[in-house]
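Got a minute for a quick Q and A on helix packing and ring pairs? Here's the model to look at.

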Amino acid sequence: MKVTVVGAGAVGASCAEYIAIKDFASEVVLLDIKEGFAEGKAMDLMQTASLNGFDTKITGVTSDYSKTAGSDICVITSGIPRKPGMTREELIGINAGIVKEVSSNLVKHSPDTIIIVVSNPMDSMAYLVHKTSGLPKNRIIGMGGALDSARFKYRLAEALGAPISDVDGMVIGGHSDTGMVPLTRLATRNSVPVSKFISEERLNQVKEDTKVGGATLTKLLGTSAWYAPGAAVSALVQAIACDQKKMFPCSVMLDGQYGLKDICIGAPVILGRNGVEEIVEIELNDAEKAHIQESAAGVRKTNDLLEF
Ligand SMILES: NC(=O)c1ccc[n+]([C@@H]2O[C@H](COP(=O)([O-])OP(=O)(O)OC[C@H]3O[C@@H](n4cnc5c(N)ncnc54)[C@H](O)[C@@H]3O)[C@@H](O)[C@H]2O)c1
């Protein structure tokens, strides 16, 4: 199992670290455009191997795609992150060119790969890869919902005063401050709806805190977060690499599901060795349906800025 991670910055390196620590991949190649940067990160991470007990071999390369050849899974984290006060959508001007070029180079050397898109604005970047890479749609996955759901569970546990392992919940829709649809109605504490434990007002606060989860961290850190994004990507990579058939909300190309077509947006999917093995359609109420449609309108507006 060979995994390439493009972009050895905060998210890329964190993702490589989590993949290595979980010890399911034989090789992780980190690639960056900045001379020597990926090599340095890879060497630093390899020096944790004896301490953290993994055998995954991590190598770093500067823009040499020949070293990524034969990758089973490629993760794209290259591009600029947002600064405090910025929206993810504002990154499109720079990141679209980077993502298009990177995905084309990856496919050239690994035509059978599965691509996980992380760079923002992620739903539009995933859409761009669909339109330009020539890969089948089950092999292009945008990571956003797995992270947003982890943040949702964190906020739910906080509100409930419960351990995170007690709560379950999912965020679908666009990966943006306004587009996220945290499914509070379906969130549970050990199968019991969370509304049994907290007021509607508190639950609404959880929803709002979840939606600005990334912006809150960007304000605190001065740049966007990396631990939870890296962990979320590594969970998707592991589900595919180990054929786990796990369900995550991911940004995938919809073809009529949720009343949407020709758009990448967060929906629950089953991930396994073939990438997206199934898109799961859950029954939404009218408010949730309206929110998804609104969210999709926002994603389409950003997609309109893309040039193929
Ligand atoms: N989808 C999500 O849930 C999610 C979460 C967090 C961050 N992000 C996004 O991930 C991206 C990376 O964030 P970060 O914090 O790691 O940024 P970062 O600046 O720390 O790292 C980005 C890296 O990409 C490299 N890079 C730039 N152009 C490249 C190219 N053409 N080829 C190879 N490498 C190139 C840079 O040299 C840099 O090392 C941002 O767009 C950010 O918004 C997405």
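Q: Is the crossing of α6 past α9 left-handed or right-handed?
A: We're looking at a predicted model here. The axes of α6 (residues 145-160) and α9 (residues 227-241) come within 8 Å. As α6 passes α9, the crossing is right-handed.

Q: Which class, roughly parallel, roughly antiparallel, roughly perpendicular or oblique, fits the angle between α6 and α9?
A: The two axes cross at roughly 120°. Roughly perpendicular runs from 65 to 115 degrees and roughly antiparallel needs over 145. That's why α6 counts, relative to α9, as oblique.

Q: How many charged residues are in the contact of α6 with α9?
A: On the α6 side you've got A146, L147 and R151, and α9 brings A228, P229, A232 and L236. Sorted by class, that contact has 6 nonpolar residues and no polar ones. The charged count is 1.

Q: How far apart along the chain are Y127 and F308, which form an aromatic pair?
A: The model has 2 aromatic pairs. In this one the ring centres are 6.1 Å apart and the planes sit at 55°, so Y127 and F308 are tilted. Y127 belongs to helix α5 (residues 122-133), while F308 is in the segment after α10 (286-303), and the separation is 181 residues.

Q: Is F308 buried or exposed?
A: Its partner Y127 has a relative accessible area of 8%, so Y127 is buried. The cut-off for exposed is over 50%. F308 has 53% relative accessibility, so F308 is exposed.

Key
Residues numbered from 1 in each chain as written. Predicted model: local features only at pLDDT ≥ 70, side-chain atom pairs only at ≥ 80, totals over all residues. Heavy atoms only, no water. Axes fitted to C-alpha atoms, helices over the stretch in contact; angles between N-to-C directions. Helix = DSSP H or I, 4+ residues; strand = E, 2+ residues; numbered from the N terminus. Parallel < 35°, antiparallel > 145°, perpendicular 65-115°, else oblique. Left-handed = near helix turned anticlockwise from the far one by under 90°. Contact = heavy atoms within 4.5 Å. Nonpolar A, V, L, I, M, F, W, Y, C, P; charged D, E, K, R; others polar. Phe/Tyr/Trp six-rings, centres within 6.5 Å; stacked < 30°, edge-to-face > 60°. Buried < 20%, exposed > 50% of the residue type's maximum accessible area, 1.4 Å probe, protein only.
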